Amino acid sequence: GPGGNSLLEEWRLFCLKEKSIYATLNMFEGDITLRANCWYPAAEEYHITGLLQQQSNVLHVNAFLIADKNKKGGVMPPTYIRKNDFTAPFQDMVDTYGIPRYQEVNPALFTCMTFPFLFGVMYGDIGHGLFLLAFGLWMVFNYHTLKATTGGMMAGILEARYMITMMGCFAVYAGFMYNDFLSVTFNLFGARFEPTGQIIAGSEVYKQVEPYRPYPFGLDPSWHGSTNELMFVNSFKMKFAVIVGVLHMSFGVCLKGLNAIHFMSPLDFFFEFIPQILFLLCTFGYMDWMVIYKWLSDQSYPKPGLVTTMIEMFMPPFTPTEPLYEGQQEVQSTLLFICLVCVPLMLIPKPLCLYVYHTHIAPKAQATHSGNLLHDEELASAPAASSGGHGDHEEFDIGEITIHQIIETIEFVLGSVSNTASYLRLWALSLAHQQLSLVFFNLTMVQNAFEIDNFFVKCIMIFLMFAMFMAITFGVMLAMDAMECFLHALRLQWVEFQNKFFKGDGYKFAPFNHKVTLSQRGEDE
């Protein structure tokens, strides 16, 4: 019929299907009764059994499914994750880094929220966020029409329509938090500062409105255009970035604890999760607490610098020169002691326990078919030399295990510092975004339009400069800067968050499917 395939194309597709069927049947064993081992989703067992019984009655043959509930040692099942239009791009993002191990915590569940949020923090602008949000909603509501008419790179962007919509939502939210709309501020709740009439160094001095009440949400518009605006916004965004980063990493470490609980891995829980979360909270978690304490405490006297305080915490004589609160030295000494205890806990116990298991407990357990003291997950997470303990009877190499654990410990301890510093990109890109928008607005609308005295020339120039301003905004802010923020958010999601808990060494469940077979063959051709 009209729009259908030609007869030759139909025969070609038919041959491809038959070839794939016979290729699959060749994997079966037996002469008269064919049998094969395969993986299937546990939730689909009753559905599969019902289909086999139904086809057996129709075709008058016997077909049945025998489920093997016992997990065979050394064989990791494939990972099957159900996706929909909303979660698919986030899952593809995670799969690009690595396929989740069977029953491991799937980062895509949390990426659906954390990735757009990290993007929004860097891209925070109400105007730019609304453009991005409108573009995403346009693709959502016109998906079927666009899908039939687009291809190539646009088809990939179309599949990420919900991700783009979420990114726009969080960019608008962060824009309200920064009170920034195309470099212009909104006075939604009334400024909390008023001019005093006093001029110092060419700048007018402002004072707080009495009785003073904090601005309900976001930055007070009085900061816009002030001489110390950049200093204040810099300080806020830098501290906010560190707070977000420590919370993000701590959540990742907590997911490692959930993995250990699910797989019943006491070594991973007691000698990885607990010391890691304590180390992170006693160092940079404590720094975040001091940031919030400084924000909420009395502002009538100067506070000590947090960087100096953190350096003095780890350097002799371990005494703060300018205490932030009473009893600070005792608190910091306790936190430092906990950190020092956590490092050997991450380093020593796990290799020793694995050594005792392989050399003393495992041989006896294998002889008596009992003694399941350690879960396979702990053994699978060890280097290749220890994997022989599953039944290959290879010699256990305590040296390789120890080196592996040393690398893991050093990576986490040093990574806590470098990863926390890496989250400062939230501050850097947000500041760059705001300053770029401000520069473009001043060079086009302010200097070449608003400052012109002649009314008619001013109207013409406003029209022309607005067109130029929007063209620059589209080319630089909505295209280049959006891609830059996307890549940096992806880096934070992959490296700083996922490496805290995500193994990513699984493989996908790939069932036989004619649609997949034909699409792959079409891509090859």
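In this predicted model, Asp-95 is a buried residue, with a relative accessible area of 14%. Its salt-bridge partner is Lys-508, and the closest N and O atoms of the two lie 3.7 Å apart. The contact connects distant parts of the chain, since Asp-95 belongs to helix α3 (residues 88–97) and Lys-508 to the loop between α17 (455–497) and α18 (514–524), with 413 residues separating them. Lys-508, at a relative accessible area of 47%, is partly exposed; this value falls between the 20% and 50% limits and therefore counts as neither buried nor exposed.

The loop between α17 and α18 also carries Asp-505, which pairs across 404 residues with Arg-101 in the loop between α3 and α4 (108–123). The closest N and O atoms in the salt bridge of Arg-101 with Asp-505 are 2.5 Å apart. Arg-101 is buried, with a relative accessible area of 5%, whereas Asp-505 is partly exposed at 39%.

A further salt bridge joins Lys-350 to Glu-272, with 3.1 Å between the closest N and O atoms. Here too distant parts of the chain are linked: Lys-350 is in helix α13 (residues 349–368) and Glu-272 in helix α10 (residues 266–296), 78 residues apart. Lys-350 is buried, at 5% relative accessibility, and Glu-272 is buried as well, at 9%. Through salt bridges with shared partners, Lys-350 and Glu-272 belong to one network with Lys-256 and Asp-268.

The pairs described above are among the 10 salt bridges counted in the model.

Key:
Residues are numbered from 1 along each chain as its sequence is written. This is a predicted model: local features need pLDDT of at least 70, side-chain atom pairs count only at pLDDT 80 or more; totals for chains, interfaces and linings use all residues. Side-chain values use heavy atoms; hydrogens and water are left out. A salt bridge is a side-chain nitrogen of Lys or Arg within 4 Å of a carboxyl oxygen of Asp or Glu. Helices (H or I, at least four residues) and strands (E, at least two) are DSSP runs, numbered from the N terminus. Buried means under 20% relative accessible area, exposed over 50%, partly exposed in between (1.4 Å probe, protein chains only).
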